[in-house]
Amino acid sequence: MLDRMPLTFHALAGQVFDAGPEPGTATGEIACVAHHMSVRGDGVSDLVWHCRYTDVYRLDGRTWRIARREQRIDSIETRPVRRWRGE
């Protein structure tokens, strides 16, 4: 589906991280706004998802990696776009 979108981006709106229940684990929640531009016959529109990622992280050597991720979409809206870099 994203192949049909000429431009997408996520804007992070907030992050909260906590130590996990076991050593080398952590949990987190990331709030974001995801924009998906699409060209239609009458112009360009922005499909906007207001969403949250609930994560579990594991320490792999010296690098934190996502072990599990769940996405919740809080709301979806469609906005008209006046100008964009694709013009």
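This is a short walk through the side-chain contacts of one predicted model.

Let's start with the salt bridges. A search of the whole structure finds 7 of them. Take Arg52 first. Its side chain meets that of Glu29 in a salt bridge, 3.5 Å from N to O. This pair links distant parts of the chain. Arg52 sits in strand 3, Glu29 in strand 2, and 23 residues separate them. Strand 2 covers residues 25–40.

Arg52 has a second partner. Asp74 and Arg52 form a salt bridge at 2.9 Å, N to O. Again the pair links distant parts of the chain, with Asp74 in strand 4, residues 63–81, and Arg52 in strand 3. The separation is 22 residues.

How do these residues sit with respect to solvent? Arg52 is partly exposed at 29% relative accessibility. Glu29 is partly exposed, also with a value of 29%. Asp74 is partly exposed at 46%.

Now put the pieces together. Glu29, Arg52, Arg72 and Asp74 are linked in a network of salt bridges.

One more bridge, between Arg79 and Glu77. Their closest N and O atoms are 3.1 Å apart. Arg79 is partly exposed at 32% relative accessibility. Glu77 is partly exposed too, at 30%.

Next, a buried acid. Asp55 is in strand 3. Its relative accessible area is 1%, so Asp55 counts as buried. Which side chains make polar contacts with the side chain of Asp55? One is Tyr57, at 2.7 Å. Another is Arg69, at 2.8 Å. Leave out residues up to four places away in sequence, and Asp55 touches Ala26, Thr27, Gly28, Ile30, Arg68 and Arg69.

Stay with Arg69 for a moment. Arg69 also lies over the face of Tyr53, 4.3 Å from the ring centre.

And stay with Tyr57, for the aromatics. The count is 1 aromatic pair. That pair is Phe17 with Tyr57. The ring centres are 5.8 Å apart, and the planes make an angle of 55°, a tilted arrangement. Phe17 belongs to strand 1, residues 7–19, and Tyr57 to strand 3, residues 43–60. The two are 40 residues apart, so the pair links distant parts of the chain. Buried or exposed? Tyr57 is buried, at 10% relative accessibility. Phe17 is partly exposed, at 46%.

Now the cysteines. How many disulfides are there? The count comes to 0. Look at Cys32. The nearest cysteine sulfur is that of Cys51, 3.2 Å away. The cut-off for a disulfide is 2.5 Å between sulfur atoms, so at 3.2 Å Cys32 and Cys51 are not counted as one. From the other side, Cys51 is in no disulfide, and its nearest cysteine sulfur is that of Cys32. Cys32 is buried, at 4% relative accessibility. Cys51 is buried as well, at 3%.

Last residue: Leu12, in strand 1. Leu12 counts as exposed, at 57% relative accessibility. Setting aside neighbours within four places in sequence, Leu12 is in contact with Ile30, Ala31 and Cys32. Leu12 also gives us a distance to Cys51. The two are 39 residues apart in sequence, and 9.8 Å apart in space, C-alpha to C-alpha.

To recap: a salt-bridge network of Glu29, Arg52, Arg72 and Asp74, a buried Asp55, a tilted pair of Phe17 and Tyr57, and a count of 0 disulfides.

Key:
Residues numbered from 1 in each chain as written. Predicted model: local features only at pLDDT ≥ 70, side-chain atom pairs only at ≥ 80, totals over all residues. Heavy atoms only, no water. Phe/Tyr/Trp six-rings, centres within 6.5 Å; stacked < 30°, edge-to-face > 60°. Helix = DSSP H or I, 4+ residues; strand = E, 2+ residues; numbered from the N terminus. Buried < 20%, exposed > 50% of the residue type's maximum accessible area, 1.4 Å probe, protein only. Lys NZ or Arg CZ within 6 Å of the ring centre and 35° of its normal. Polar contact = N/O pair within 3.5 Å; in protein donor to acceptor, adjacent residues only side chain to side chain. Contact = heavy atoms within 4.5 Å. Salt bridge = Lys/Arg side-chain N within 4 Å of Asp/Glu carboxyl O.
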